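Here's a quick tour for the bench. Have a look at the sequence and the fold first, then we'll walk through the strands, the core and a few side chains.

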Amino acid sequence: QVQLVESGGGLVQAGGSLRLSCAASGTIFSIGSMAWYRQAPGKQRELVAAITSRGTTNYADSVKGRFTISRDNAKNTVNLLMNSLKPEDTAVYYCNADIKPRLITASNAYWGQGTQVTVSS
């Protein structure tokens, strides 16, 4: 019932910008922390940025100063604005959120299907 759907991925030139968005839908009671992860071919999945329900953020050192994570609690969305993109940012980006469904006691970590970001040199 609960789903996360990413959008905004694509092909951009180095130095360009891209905005990713992720929308949660379904029988949702509340959403805790939300985050963006990425995984490049041959590499482990890594945390890119995270944001709590109160708006506290943290970033990977590799993207600090270039990426900005934000959320809209009224719309159940999380966004990632990526500026000054580099070829090493190329990866599949995944949305993650801690969600408590309606009428369910415990919360659970949900994942989107991923969106491809490719940065050309």
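## The four-strand sheet

In what order do the 4 strands of the open sheet line up? Keep in mind that this is a predicted model. The order is β1-β3-β8-β7, and the pairing is antiparallel. At the edges sit β1 (residues 3-7) and β7, each of which pairs on one side only. From one strand to the next, the twist averages 15 degrees.

Now for the seams. β1 and β3 run antiparallel and are joined by 5 bridges, with Leu-4 standing opposite Ala-24 in β3. Between β3 and β8, also an antiparallel couple, there are 6 bridges. One spot to click on there is Leu-20, whose bridge partner in β8 is Leu-80.

## Two faces of β1

In a regular strand, side chains alternate between the two faces of the sheet. β1 shows that pattern: Leu-4 and Glu-6 point to one face and are buried, whereas Gln-3, Val-5 and Ser-7 point to the other and are not.

## The nonpolar core

In soluble globular proteins, nonpolar side chains tend to be buried together. Here the largest nonpolar core holds 32 residues, and the members that touch the most others are Trp-36, Leu-80, Met-82, Tyr-93 and Ile-99. At least two core residues come from each of β3 (18-25), β4 (28-39), β5 (46-51), β7 (67-72), β8 (77-82), β9 (91-101) and β11 (115-120). β9 gives the largest share, 5 residues.

Let's zoom in on Met-82. Skipping its neighbours within four places in sequence, Met-82 is in contact with Gly-16, Ser-17, Leu-18, Leu-20, Arg-66, Phe-67, Tyr-93 and Val-117. Tyr-93 is thus a contact of Met-82 as well as another of the core residues that touch the most other members.

## A buried aspartate

Is Asp-89 buried or exposed? Asp-89 is buried, because its relative accessible area is 1%, under the 20% cut-off. You'll find Asp-89 in the loop between β8 and β9.

What does the side chain of Asp-89 reach? One polar contact goes to the side chain of Arg-38, at 3.0 Å. The Asp-89 side chain also reaches the backbone nitrogen of Lys-86 at 2.8 Å. Leaving out neighbours within four places in sequence, the contacts of Asp-89 are Arg-38, Arg-66, Phe-67, Ser-84, Val-117 and Val-119. Arg-66, Phe-67 and Val-117 turn up in the Met-82 contacts too.

## Around β10

How many aromatic pairs are there? The count comes to 1. Tyr-37 and Trp-111 make up this tilted pair, with 5.0 Å centre to centre and 55 degrees between the planes. Tyr-37 lies in β4 and Trp-111 in β10 (residues 108-111), so the pair ties together parts that are 74 residues apart in sequence. Trp-111 counts as partly exposed, because its relative accessible area is 33%, between the 20% and 50% cut-offs.

Tyr-110 lies in β10 as well. Apart from neighbours within four places in sequence, Tyr-110 is in contact with Val-2, Leu-4, Cys-95, Asn-96, Ala-97, Ile-99 and Pro-101. Two of those names should look familiar: Leu-4 is one of the buried residues of β1, and Ile-99 is one of the core members with the most contacts to other members. Lys-86, on the other hand, is 24 residues from Tyr-110 in sequence and 28 Å away in space, C-alpha to C-alpha.

Key:
Residues numbered from 1 in each chain as written. Predicted model: local features only at pLDDT ≥ 70, side-chain atom pairs only at ≥ 80, totals over all residues. Heavy atoms only, no water. Core = buried A, V, L, I, M, F, W, Y, C linked by side-chain atoms within 4.5 Å. Buried < 20%, exposed > 50% of the residue type's maximum accessible area, 1.4 Å probe, protein only. Contact = heavy atoms within 4.5 Å. Pairing = 2+ DSSP bridges. Axes fitted to C-alpha atoms, helices over the stretch in contact; angles between N-to-C directions. Polar contact = N/O pair within 3.5 Å; in protein donor to acceptor, adjacent residues only side chain to side chain. Phe/Tyr/Trp six-rings, centres within 6.5 Å; stacked < 30°, edge-to-face > 60°.
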